[in-house]
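Thanks for coming, everyone. Please have a look at the structure on the screen before I start.

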Amino acid sequence: MKRLAPYLLLITLSLAAFALGFSSREVVAGRPLTLAPYARLVGKGQGLTPPQLYESHFERIASHYSRRVSGPDLRHAAMEGLVATLGDPHTNYFEPVTAEQFSTTNRGDLVGVGARLGEDPLGAKVASVFEQGPASRAGLKMNDVITAVDGLKVAGMPTTEIVSKIRGEEGTVVRLTIQRPTETEPMTLRIIRAKVEIPSVESKMLPGQVGFLAVTNFAERTPEQFSHHLDSLIQQGAKGLVIDMRENPGGLLEAAADMLGRFASRKTVVTMKFRRGTDIKRTPGGMVVPFPRPVVVLIDGGSASASEIFAGCLRDYGIAKLVGTHSYGKTSVQNVHPIPSDQSSVKVTVAKYFLPSGTNFDRKVDEDGTYLSGGLKPDYLVELPNTGNIVLRDPETDPQLKKALEVVVAQAGG
Amino acid sequence: MRPTEKFLAVSAICGVLLFAAVGGHAVRGMVDLGRWPLVAQGESPVVSDPRMPISTDPGYAKGSEATYFYAVADLLQREYVEPVSVDEKMAVGAVKGMVNSLSDPMCRFFDEETYPSFLARERGDCEGIGVEVTLDYDKEALDKLQHKKQLDPLSLLPRPIVTCVYPGSPAEAAGLRPGDQVTKLNGKFVLTVDDVKQIRKMQEEVTAKRADPAELGVLQNELFKKAKETMSAMRARDLLYRLEKQPVNVEWKRGGQAMTASIKSASVKVKPLEKLSAGTYRLRFVNGAEGALSAEPLPDGAVIDLRNSGHGNFNTMLSCLKLVSPAGKLGDLVSERGKTPLSNGKAGTVTPSHWTLLVDQTTLGAAAVFARTLASLHLATMQGEPAESMDWVEPVDVNGRSGYTLSTGQFEPATLGGSK
């Protein structure tokens, strides 16, 4: 018996090690252990395992459906469905083609003509033309409507589609047929595509000496541009500030923190809660230029991620009021993981943000993807009417900007 | 024991333990993927149904799908911010993704909420106002979608069309008829592709300077008003299929005529075989149809009413078809993969004698296939013309709590003598 003891011990230990390995997925994930896999291990399992269940229906659809479907297409649709079960609009599966597109949009070195487009029934309306860009040199103007690209009519096409037609290789020529509101005849512009740097900050002085800053995204150079414009507005004697974060989809959290550093030193920006542990992002120190004047941030349903954090923090610090409509509600961090077998990838939410006040304003949607709740609530709710002549960022006709000015003037006066 | 021996012994033990742990991890993978020899293999629907070969499309290899699924699911399990596990819900979600990607109105996925009602209707227990509703999509838009061409998403708003009004239902009492289009429910408009087309056309007219922009403005305002109080066609159908405490305000149109009624919902039991008058019967392909047909042999020269029949289970219909047919070929299921013959193994126990089938454009789906096949095999005569579509649509169960329908081809009935 005594001779056997070490062997028994070894066998017990081995079994324990086997069990540890067997349940390692639950152990690593911090989930409760389940017995179902052990039941399957000894042949007492019931039904199909999830991968088997999926595969059986994949086979059924691939081989019985009345039309021919390609295996990879069906698989990618399945993976999108699988990922959608998490109910998180920011955890997505990208099939190989889109995975490539995803990485180019993130790189940001776009080749195009240098204009921002908006929707129009006849094609695409030019929302703004970037200074120094090829389109600006060729004479494209704001509010021109692009009706054809290289002779191809684009009426009714989605704007993203039109944009991809206009983009192309550097140095090549694109012909845009445009309808200018002031002209009766359409005209054609020949524009040479070039690398375009998208300026993310624009500024101007509004009537009543109120400084206006529009931030369109949070890229690497945004904080530098922001500081430059802010300093110039302060030098011109701004009595208040309106920071426009509308339609700003976000970007680098680092950039938002640096920009907040102009207003508050070493303060919490967000608390990031990961699966294991938390991390706190703070504003940098020593960058504050005191600005004891009223600040208003404009937000809308297109303000997401970093722009919401920026707006929410300024409010939580007691520096700014928010005007507009509720923001998008993106309060999480994603990592992109490639799937090696076919170059597809999965963007997974790995952490959630909480504002200094402790709020999490996660967007909730129903199964059709329709908005239910979430986003920052503005202090002053102002909706944009869908009719009437509104020029965004024009203090006369933009009702949200109008309200923001009112708030700034009232606070500056009081 | 010398130090080296001791070292070797400890290393050996550690090695064994490490091997056991790694082995455990690997075995778990095999168990989850269904590769472990003791795991129940279950019934692969393809193996159990030898009608068609497994897809030979490139990019597909037997067994690789489960592995791929596992890779993605396990990634979420490891990385997602909240604890999740590789479970059935994920597999069901994947199936839903596949079915929806077919962009085929005949292939519908039913989740835990809608599946019970679907199963009940397949059985013949119908809840709601007592109608079957199909979503009628713009053919051109659907074709674009299926071929992944650019399209305006608004052109995919379907029209909810009534395909069947159950006898004895509140809907029948209210005057609804097959073919009617539901336009408004409880004060909410069902926007369809027609509304969109109308406004697009006006836009073109205005652009071409043939119409007054003011007219477009009026139309746009109307659409904005409608869009504020709107309900998708899918939701409209769900509402009509539910037991509601309050009557539902239904507005519908027939031709250019608009009608409205407040309709209560109820549970209607659809009888598989109902005697309407001496020698005249109504047949519905719901649970028990096969049993009813063999229990009560229909008399010589029986008239079977298959009109107003936009609903029916294809498996039940096939059983009925086999019951009344001689042994031999019934027809072919024709799909893009080719023809698959459907045959009757042994002669059915019911012999139709001079049956007349009453059919018209409201004889749809399973009923249309049944009628045309019996006529083609000279087992009965049709009076009227059933709907054109011969699509074969099978119900598929996923896990008892969700399922889908799969269109598997067009049915071509065999002609008499053609099977020999």
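I will take the interface of the two chains, then one pocket.

This is a predicted model, where local features need pLDDT of at least 70, side-chain atom pairs count only at pLDDT 80 or more, and totals for chains, interfaces and linings use all residues. Residues are numbered from 1 along each chain as its sequence is written, chains are lettered from A and ligands numbered from 1 in the order written, and side-chain values use heavy atoms, without hydrogens and water.

First, the interface. How many residues does each chain bring to the contact? Chain B gives 92 and chain A gives 83; contact means heavy atoms within 4.5 Å. Chain B and chain A bury about 7900 Å² between them, 61% of it on carbon and sulfur atoms. Buried area is the accessible area (1.4 Å probe) lost when two parts are put together, summed over both. In chain B, Arg28(B), Tyr68(B) and Met98(B) lose the most area to chain A, together 10% of what that side buries.

Now the charges. There are 3 salt bridges across the interface, each a side-chain nitrogen of Lys or Arg within 4 Å of a carboxyl oxygen of Asp or Glu. One salt bridge joins the side chains of Lys352(A) and Glu82(B), at 3.0 Å, N to O. By class, the side of chain B that touches chain A has 45 nonpolar, 26 polar and 21 charged residues. Ala, Val, Leu, Ile, Met, Phe, Trp, Tyr, Cys and Pro count as nonpolar, Asp, Glu, Lys and Arg as charged, and the others, Gly among them, as polar.

Last, the pocket lining. In the second largest pocket, the lining divides into 6 nonpolar, 4 polar and 7 charged residues. A pocket is an open set of points on a 1 Å grid over the protein atoms alone, where a 1.4 Å probe fits, with protein on both sides within 12 Å along at least five of seven lines; lining residues have an atom within 4 Å of a point.
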